[in-house]
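Colleague: I am new to this structure. Please take me through one part of it closely, the second largest pocket.

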Amino acid sequence: LHHYGKMLWRGMNEKIGADTSYRTQGRVEVPSSAEDLANSQAWVESAKEWAADFEAPLNTRFIQGDELKKRLVDAKTDWPIAGFEEDSGSVDPETGVPVLAQYARSLGVKIYTNCAVRGIETAGGKVSDVVTEKGAIKTSHVVLTGGIWSRLFMGNLGIDIPTLNVYLSQQRVSGVPGAPRGNVHLPSGIHFREQADGTYAVAPRIFTSSVVKDSFLLGPKFLHLLGGGELPLEFSIGEDLFNSFKMATSWNLDEVTPFETYRIATATQNTEHLDAVFARMKAEFPVFEQSKVVERWGAVVAPTYDELPIISEVKEYPGLVINTATVWGMTEGPASGEITADIVTGKKSVIDPAPFSLSRFS
């Protein structure tokens, strides 16, 4: 999904005739241990075989010595070896998303904002209407891309979506002359990406889950992610716990829903996490000592406990397709979108959607 998504991104500017901010810049990832290196090398070899199915090779190799030093210029640590994805790219969401939306409009797509969907209606056992706060829309095909709201929305339809909302913090810092370019991931907890405007996106990549009502139902399934894995997860107790018991979990289609009451879900950024990763970045790359924080924000995503997205038909509601729980949204977006379109239209997809089926949780 990542590989195909990146392949589609590489041709996106040409496809839509506009600059999404996407550019190829390469990605360096230093393994955390000898075991991690061996696993990574084995994975790259196996991945090169299936990558050939997309008519786009996996251009990942391992670099060391002077070549690695040039990618990690000014690094204090003498890193011995790293994986290098030569054609990995980067797109800035604040630029790419509006540009893609404008392209969609040019094709005749209508985008409505500030208009919450309350639910769906069926006729003859199939989807017949989408009911919004401003009225119903007749349709036989619906795609739910509700992100963190998907579990709540589907719960009102009697369908369990096992996702748990988690917070993460992000920041942009100013670029400085002589700084390393591209995308860098170090085992010392340093993760940054050069943006099109010369700033750097710097994230701690630590997920925080507020203990809420759903935590007691789903928490045990997520415990294996605590303190390890690709995305370490920690839990916190606060106001969200009390709010979760007050939020409606069922409603009639003529009633005001939580989607109208709250509209936008955001998170307060974790300043401690952001300060720590920026401090580590400056300690490893002293050139960033002159860099300043441009902006900080909190985000919310809703992963599944197997860390795979849900891209699936809903057998109880023929005509309804779900595309949610995509943690790597910008990377996977074009690929997951194409799979979703293929499911709706009945076309055989380049990627088998079976691993992303909702039925895997049955």
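Modeller: Here is the pocket, followed by a salt bridge between two helices that help line the pocket. This is a predicted model, where local features need pLDDT of at least 70, side-chain atom pairs count only at pLDDT 80 or more, and totals for chains, interfaces and linings use all residues. Residues are numbered from 1 along each chain as its sequence is written, and side-chain values use heavy atoms, without hydrogens and water.

The second largest pocket has a volume of about 1,100 Å³. A pocket here is an open set of points on a 1 Å grid over the protein atoms alone, where a 1.4 Å probe fits, with protein on both sides within 12 Å along at least five of seven lines. The volume is the space filled by probe spheres set on the points.

Its lining has 38 residues; the closest to the centre are Asn-165, Tyr-167, Val-212, Ser-244 and Met-247. Lining residues have an atom within 4 Å of a point. By class, 16 are nonpolar, 16 polar and six charged. Asp, Glu, Lys and Arg count as charged.

Among the elements that each supply at least two lining residues are helix 6 (150–155) and helix 7 (213–222). Helices are DSSP runs (H or I, at least four residues).

Asp-214 and Arg-151 form a salt bridge, with closest N and O atoms 2.8 Å apart. The term needs a side-chain nitrogen of Lys or Arg within 4 Å of a carboxyl oxygen of Asp or Glu. Asp-214 sits in helix 7 and Arg-151 in helix 6, 63 residues apart. Arg-151 is buried (under 20% relative accessible area), at 13%. Asp-214 is partly exposed (between 20% and 50%), at 24%.

Notes
Buried < 20%, exposed > 50% of the residue type's maximum accessible area, 1.4 Å probe, protein only.
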